[in-house]
Amino acid sequence: MGDSASLELRLVGKISGRFFVAGYQRGYRWGEQEVTRLLEDIWSNGERPYCLQPVVVKRRPGVESEWELVDGQQRLTTLYLIFAYMKRAGLKNIIPPYSITYETRPGSEKYLQEIAAERSGENIDFFHIHAAYEVIQRWFDGHAEERQVVADEFYRYLFRFVRIIWYEAPPEAMATTLFTRLNVGRIPLTDAELVKALLLSRSRGQGGQADRAHELAAQWDGIERDLRSPEVWAFVTDAEADECPTRISLLLDTLADELACGSAEDLGHLQGAGRSGPRRPLFLTFDRLRREIEASSPEAVWNKVVDLHALVQGWFENRDLYHKIGYLVAVGERFGDLVKLATGRTKSCFDALLDERIRDQLDLDRTEVAELSYETDGGREKCARLLLLMNVETIRRREHSSERYSFFSHRAEAWSLEHIHAQHAEGLNKAEQWKEWLRLHREALAELPGVEEGCRSALLARIDAARGETTRPLFQELARDVIGFFNQAAGARPAAESSVHSITNLALLPGRANSALGNSVFEVKRRRILELDRNGAYIPVCTRHVFLKYYTEADAQQIHFWGPQDRESYFSAMVSVERGVIHKYLRSGTQQP
């Protein structure tokens, strides 16, 4: 949309003039569902301000009060039919305040005025127009003896409370291009585009402010460009990039919610975009910011957007704030809530509040961490939050380092919670999975040092013999023997089932990895992590540390096995007073090493 477009909210009852529907558009096609929804929405909204989706028009040159209707034909036609019904039914004695004509079917304009049932079969447009008219008639008739009262109220709503977003495209805009963008590609006007058009049109409308509009447009583009940085976007919101074609919407939504905070109309509405909640209502942001622009000034509202952008950049450039805020966003905190937390507070106070918020999100003490298992109720989510925090904090705590935890890479890779060492492979139930599991373990088994060669050769021969056709009983027998062989080679006893699922046997592993790898022993996973690392793949730092035995003392290492000593050292790295990465975020009563 061009920057010279104009925008306003116009009461439905105040729409006037003649609308021309060009030949590149199809005819009227709304069915019962769409027509009924429009009627119900207007009626249930009552005397509250209500905004319909945008109507995009372009002034027809040389013709007074005539518009090319680029987008909104279905809505304007349905509203026309509502006016027409109330007039013909004797409920109101006023004709529809505007008219609609069609380039490809001129007779449709007259048919709109007649709505004759006997002519509804002449063409597809007449058919749909008549069907919509009947839906309107049934809706009003459904109110029985209150039909006149309902019509009076409905009519009043159209003149007092129901508005359309009137978007006048600039003269140089190509109507067919606009139509293709808005309809064929199914890309609607967004809150952000509407706010931008309103800001620019209001800035130009003030004497001597033309240069200000140009400056605003340039600043808008700069903010949009900054927020399109993948690392910036991923740290400040959990919204998927493809769900937010206009990134500045994050700032506009936040400002709109801040302006509405505490007001009655704010109840029940949603804040911000993201995966953690339902989609935001259409044009909620535009309507709130429109009112603020009218109450103050375009410049005052825009300055608040600029301030929010500066806040985001400041957080991003500060390593401590970047990591703490990024973690909180990743576990469900909303940008708008963090803005409120920072408002009016010093940097040190805000930093302390972030620590408190992380502690509340983690909601664990040292004993609970020791007992944490991903099989308990809510345990999987708590384990994932803890391990994410450990990865983020490990990077943040590195002094004199410019390294950052990449929330973008983390999300793009979709790392999942997996066992470091799997004790069984019962989760596999397909022949392809069985064969892949045996292949992975055969490779590791063939190169495992310090084992009795006769036993190894016999087990490898059994695996090779099963390659042709593997049944479930045969696979289960082989898997049990293979895992037992790795345990025996390390001199370890099988761990208790509860220990297998504890936090000390869990790490973030590739979510796209096949299930055979997820059910593999430590050595198989270690080889895969090393392969990914050599190929330049993103590996969370603590996952790398686990499979490189970073946490275990050198004299206690069994490089090919994850044993009790490894688990103890891993746990200590999490929660000990001296070196525990997440110790400061545990609830009180965790002061023992």
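This is a short walk through a predicted model, starting at one helix and ending at a few loop residues.

Let's begin with helix α1, which covers residues 32-45. At 1.5 Å a residue, its 14 residues should span 20 Å, and the end C-alpha atoms are indeed 20 Å apart, so expectation and model agree. Just after α1 comes glycine 46, whose phi is positive, near 60 degrees.

Now look at which side chains of α1 are hidden. The buried residues are Val35, Leu38, Leu39, Ile42 and Asn45. Around the axis they cover an arc of only 150 degrees, which puts them on the same side of α1. The spacing has a simple background: an α-helix has 3.6 residues a turn, so residues three or four places apart point the same way. On the face turned away from that buried side you will find the exposed residues Glu32, Gln33 and Ser44.

What lies over the buried side? The cover of these residues includes the strands β3 (50-59) and β6 (162-168), together with the helices α2 (73-88), α4 (124-141) and α5 (147-160).

Of these neighbours, α4 deserves a second look. Its axis and that of α1 are 9 Å apart, and the two helices pack at an angle of about 40 degrees. That angle makes α1 oblique to α4, and the crossing is right-handed. If you want to display the contact, select Glu32, Val35, Thr36, Leu39, Glu40 and Trp43 in α1, which meet Ala132, Val135, Ile136, Arg138, Trp139 and Phe140 in α4. Val35 and Leu39 are thus among the buried residues of α1 and also take part in this contact with α4.

Next, follow the chain to the loop between α3 (107-114) and α4, where isoleucine 115 lies. Although isoleucine 115 is not a glycine, its phi is positive, about 45 degrees. Its relative accessible area is 5%, so isoleucine 115 is buried.

A second residue other than glycine with a positive phi is aspartate 363, at a value near 55 degrees. Aspartate 363 sits in the loop between α15 (347-362) and α16 (366-371). With 36% relative accessibility, aspartate 363 counts as partly exposed.

Our last stop is proline 510, in the loop between β8 (506-509) and α23 (515-518). Because its relative accessibility is 11%, proline 510 counts as buried. Leaving aside residues up to four places away in sequence, proline 510 touches Glu413, Ala414, Trp415, Ser416 and Leu532. The fold also brings in leucine 417: this residue is 93 residues from proline 510 along the chain, yet their C-alpha atoms are separated by 8.7 Å.

Definitions and conventions
Residues numbered from 1 in each chain as written. Predicted model: local features only at pLDDT ≥ 70, side-chain atom pairs only at ≥ 80, totals over all residues. Heavy atoms only, no water. Helix = DSSP H or I, 4+ residues; strand = E, 2+ residues; numbered from the N terminus. Buried < 20%, exposed > 50% of the residue type's maximum accessible area, 1.4 Å probe, protein only. Contact = heavy atoms within 4.5 Å. Expected span 1.5 Å × (residues − 1). Arc of directions from axis to C-beta. Axes fitted to C-alpha atoms, helices over the stretch in contact; angles between N-to-C directions. Parallel < 35°, antiparallel > 145°, perpendicular 65-115°, else oblique. Left-handed = near helix turned anticlockwise from the far one by under 90°.
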